[in-house]
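Me: Could you walk me through the ligand site and some strand pairing in this model?

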Amino acid sequence: MKIFLDSADLNEIRKVAELGVCDGVTTNPTLIAKSGQDFKTVLKEIVSLIPGPISAEVVSTEHKGMLAEAEVLAKLNDNIVIKLPLTPEGLRACKVLSGQGVRTNVTLCFQAGQALLAAKCGATYISPFIGRLDDVSIDGMTLIRDIRTIYDNYGYETEILAASIRHPRHVIDSALAGADVATCPYKIIAQLYSHPLTDKGLAAFLEDWKQSGQKAIV
Ligand code: G3P
C-alpha cells in the first residue's frame with residue numbers, strides 16, 4: 001500500500017522524506033491555511049521534496065472556475081494532482097480533466113454511491129473520509145470495503161485513497177480492506193513505527209553488548 005503524507009507543513013514533509021516511506025502528499029485548503037504560506041510557493045516546495053503525486057485542491061465551486069484553477073495548478077509541476085470536491089460541479093470538472101489526461105483526486109467522499117460516480121468520471125483517486133464518518137458514529141471502514149468491492153466488480157481503476165485518518169489502526173484496517181493508499185498526518189506515521197517493546201528490546205541489546213566487552217564494529 002502507498003503511504004501519502006496529509007500535510008502542507010514543510011518540516012513534517014522533510015522529516016518523512018528522510019524516512020523514505022512517503023509516496024506522495026495530499027493537501028487541502030485547511031492544511032494550506034495552517035502552513036501560513038502562499039499556496040503556489042508551498043506547492044513548489046513540496047514537489048521539490050517528494051517525487052510523487054501531490055494533491056492540490058481547487059477552491060472554486062463551479063466547474064469552469066475549477067478548470068481554470070486546475071490549469072494553473074497543473075502547470076506548476078507534472079506531479080500535481082488536481083483535488084476536486086465530490087459535488088456535481090466537481091464531477092463535471094473531473095470528467096473534463098480525466099479526458100485531458102490530468103490526474104484528479106475527488107475528495108470529501110462519505111458514501112459508496114459518490115465513489116461510483118467519481119470512478120465513472122475517470123477520477124485517479126477517490127478520498128473516502130473515514131475518521132469524519134467514525135466521528136458521527138458511522139463505520140468509516142465499511143465505506144472502504146464497499147468501494148473496494150464495487151471497483152473490483154466492474155474493474156474501475158480509480159485508486160482508493162483512505163483519508164481523514166485518526167490513528168494507526170485506520171491505516172492497518174485500510175490496508176486489510178484493500179485501499180490503495182492511506183494519507184496520514186505526520187503523527188500517525190510516527191505512531192506506525194513506534195512500539196515500546198522495540199525501544200525496550202533495543203535498550204536491552206545495547207546494554208548486553210556493552211557488558212560483553214566486544215570491540216567497536218567500526
Ligand atoms: O486531506 C483530507 C483529510 O485527510 C482530512 O482529514 O482529519 O481533517 O478529517 P481530517
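What follows is a short round of questions and replies.

This is a predicted model, in which local features need pLDDT of at least 70, side-chain atom pairs count only at pLDDT 80 or more, and totals for chains, interfaces and linings use all residues. Residues are numbered from 1 along each chain as its sequence is written, and side-chain values use heavy atoms, with hydrogens and water left out.

Me: How many charged residues are in the shell around the ligand?
Reply: Happy to help! The residues around the ligand (a heavy atom within 4 Å) include Asp-6, Lys-83, Arg-132 and Arg-166. Asp, Glu, Lys and Arg count as charged. Beside 2 nonpolar and 2 polar residues, the shell's charged count is 4.

Me: What is the distance from an oxygen atom of the ligand to an N or O atom in the side chain of Asp-6?
Reply: Polar contacts here are pairs of N or O atoms within 3.5 Å. For Asn-28, the side chain is 3.1 Å from a ligand oxygen, and for Ser-164 the distance is 2.7 Å. For Asp-6, the value is 2.5 Å.

Me: Which residue is the bridge partner of Leu-161 in β8?
Reply: Strands are DSSP runs of E, at least two residues, numbered from the N terminus, and two strands pair if DSSP finds at least two bridges between them. Strand β7 (residues 159-162) pairs in parallel with β6 (residues 125-128) over 2 bridges. β7 also pairs in parallel with β8 (residues 181-184), over 2 bridges. In β8, the partner of Leu-161 is Val-181.

Terms used. A polar contact is a pair of N or O atoms within 3.5 Å; within protein, one must be able to donate a hydrogen and the other to accept it, and residues adjacent in sequence count only if both atoms are side-chain atoms. Helices (H or I, at least four residues) and strands (E, at least two) are DSSP runs, numbered from the N terminus.
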